[in-house]
Amino acid sequence: MSGFGTNKMRMIFFAIIDLAMSSYSEDQCSWRGSGLSQQPGSVEQISLHCSEGTLDWLYPQGALRLTLSPRLPFTAVGPGGSSSGLITACVKPSEQFHGAQLYLERDGVLELLVGDQLGNSLPPRVRCFSRLPGEKVALFLQATPHQDISRRISSFRYELRGDWTARLSVDSNEISSEAACRPCNNTEILMAVCTSDFVVRGNILAVEDDADLRAAVIKVSATRVFRQKYALFTGASRLTRSGEIRTLLQCGVRPGPGSFLFTGRVHFGEAWLGCAPRYKDFQRAYTMAKEAQQIPCELAVD
């Protein structure tokens with residue numbers, strides 16, 4: 001058999017395997033499917049019900065319409081402690097996002113979030129959007145025409161949070177840098193201690209700018225890890241842990257002396273800064289609130 005025939009048979013074999021794998025995961029958090037199973041011009045309806053997951057569309061043809069309906073806790077709040085019913089979603093396309101364009105569908109109007117990255121050397125950015133209670137929002141993937149679809153895969157990760165604050169939404173155009181970068185007040189600090197994915201005392205070793213991410217990367221030496229959702233701050237011993245925290249580039253964070261209490265959220269596996277008071281200021285606010293019996297949760301402070 002010629003090399004061309006062998007490659008063609010191999011492509012058909014893998015296409016059949018991909019078709020067999022086209023299904024929801026058991027927890028309905030992720031979806032993997034193939035456009036080869038769709039009729040030309042058809043739109044496949046998908047609904048996922050988790051706060052995070054992935055979508056992998058192999059050999060895109062036609063279109064997909066994805067509805068995200070996470071079962072978030074009724075009291076889901078952000079670091080500010082409010083609960084308005086607002087849900088913020090972020091999508092992170094894979095670096096090889098080929099064969100389709102991703103749109104936000106809001107009340108029947110389409111807004112381009114991610115274009116076909118074929119031939120684009122720059123990595124696609126994380127895109128975020130918010131949904132108000134009662135607002136009809138979906139993600140719409142439209143396949144782009146290609147003669148050769150054998151290497152086209154459109155994949156992305158998604159995350160949703162109840163009332164996610166602007167501090168975590170790098171691509172949010174609705175929030176000014178002034179609002180995103182302002183210091184937290186005492187109420188926000190105490191609530192952040194209770195609701196954040198990580199709570200760490202430490203010192204700033206260095207700050208590096210990442211122009212591609214439009215973020216500042218804060219290098220932190222952690223002297224005490226009160227809580228962390230994932231292994232963000234690691235080291236050989238309890239006193240030598242280190243890690244990285246990201247924040248908006250326009251906030252102008254600079255290295256400086258002193259001990260801080262870092263709080264924030266995990267965003268696609270990376271730590272993003274929420275409230276970060278000096279530790280002595282946090283101690284003062286915590287002590288005052290505890291004496292007034294107004295602390296939202298207990299923390300074993302020094």
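This report walks through a predicted model of a single protein chain, from its overall make-up to its cores and salt bridges.

**The chain as a whole**

Let us begin with the broad picture. The chain has 302 residues, and 44% of them are buried. Its secondary structure consists of 16 strands and four helices. If you look at contacts between residues at least 6 apart in sequence, 64% of them join residues at least 24 apart. As for the surface, the chain exposes about 15900 Å², with carbon and sulfur atoms supplying 52% of that area.

**Strand β6 and its partner**

A good place to step inside is strand β6, which covers residues 87-93. Is this strand largely enclosed or largely open? Six of its seven residues are buried, so the rest of the structure largely encloses β6. Strand β9, residues 127-131, pairs with β6 in the antiparallel sense, and five bridges join the two. Within this pairing, Ile 87 sits opposite Arg 131 of β9. In a regular strand, side chains alternate between the two faces of the sheet.

**Two nonpolar cores**

Next come the cores. The largest nonpolar core contains 27 residues, and Leu 55, Leu 102, Leu 139, Phe 156 and Tyr 158 have the most contacts inside it. Several strands contribute: β3 (43-48), β4 (52-58), β5 (63-68), β6, β7 (100-106), β8 (109-114), β10 (137-143) and β11 (153-162) each provide at least two residues of this core. Which strand gives the largest share? That is β10, with four residues.

Leu 139 is a helpful residue to click on. Leaving aside residues up to four places away in sequence, Leu 139 touches a list of neighbours that includes Leu 64, Leu 66, Val 91, Leu 102, Leu 113, Phe 129 and Phe 156. Arg 65 and Tyr 103 are also among the residues that Leu 139 touches.

Apart from the largest core lies another one, made of 17 residues, including Ala 216, Ile 218, Ala 222 and Phe 260.

**Salt bridges**

Side chains of opposite charge can pair when their charged atoms come close. The whole structure holds nine salt bridges. Three of them are set out here.

| Salt bridge | Closest N to O distance |
|---|---|
| Arg 182 and Glu 188 | 2.6 Å |
| Lys 219 and Glu 244 | 2.4 Å |
| Asp 281 and Arg 284 | 3.0 Å |

How covered are the partners? In the Arg 182 pair, Glu 188 is buried because its relative accessible area is 12%, under the 20% limit. Its partner Arg 182 counts as partly exposed, at 37% relative accessibility.

The bridge between Lys 219 and Glu 244 spans two strands. Lys 219 belongs to β13 (residues 215-228) and Glu 244 to β14 (residues 241-248), so this pair ties together parts that are 25 residues apart in sequence. Lys 219 is partly exposed at 22% relative accessibility, and Glu 244 is partly exposed at 32%. Both also belong to a network of salt bridges that links Glu 208, Lys 219, Glu 244, Arg 246 and Glu 270.

The pair of Asp 281 and Arg 284 stays within one helix, α4 (residues 279-291), where the two residues are three apart, or about one turn of the helix. Asp 281 is partly exposed, with a relative accessible area of 30%, and Arg 284 is partly exposed at 47% relative accessibility.

How values were computed
Residues numbered from 1 in each chain as written. Predicted model: local features only at pLDDT ≥ 70, side-chain atom pairs only at ≥ 80, totals over all residues. Heavy atoms only, no water. Buried < 20%, exposed > 50% of the residue type's maximum accessible area, 1.4 Å probe, protein only. Pairing = 2+ DSSP bridges. Core = buried A, V, L, I, M, F, W, Y, C linked by side-chain atoms within 4.5 Å. Contact = heavy atoms within 4.5 Å. Areas by Shrake-Rupley, 256 points an atom, 1.4 Å probe, with all protein chains shown as cover. Salt bridge = Lys/Arg side-chain N within 4 Å of Asp/Glu carboxyl O.
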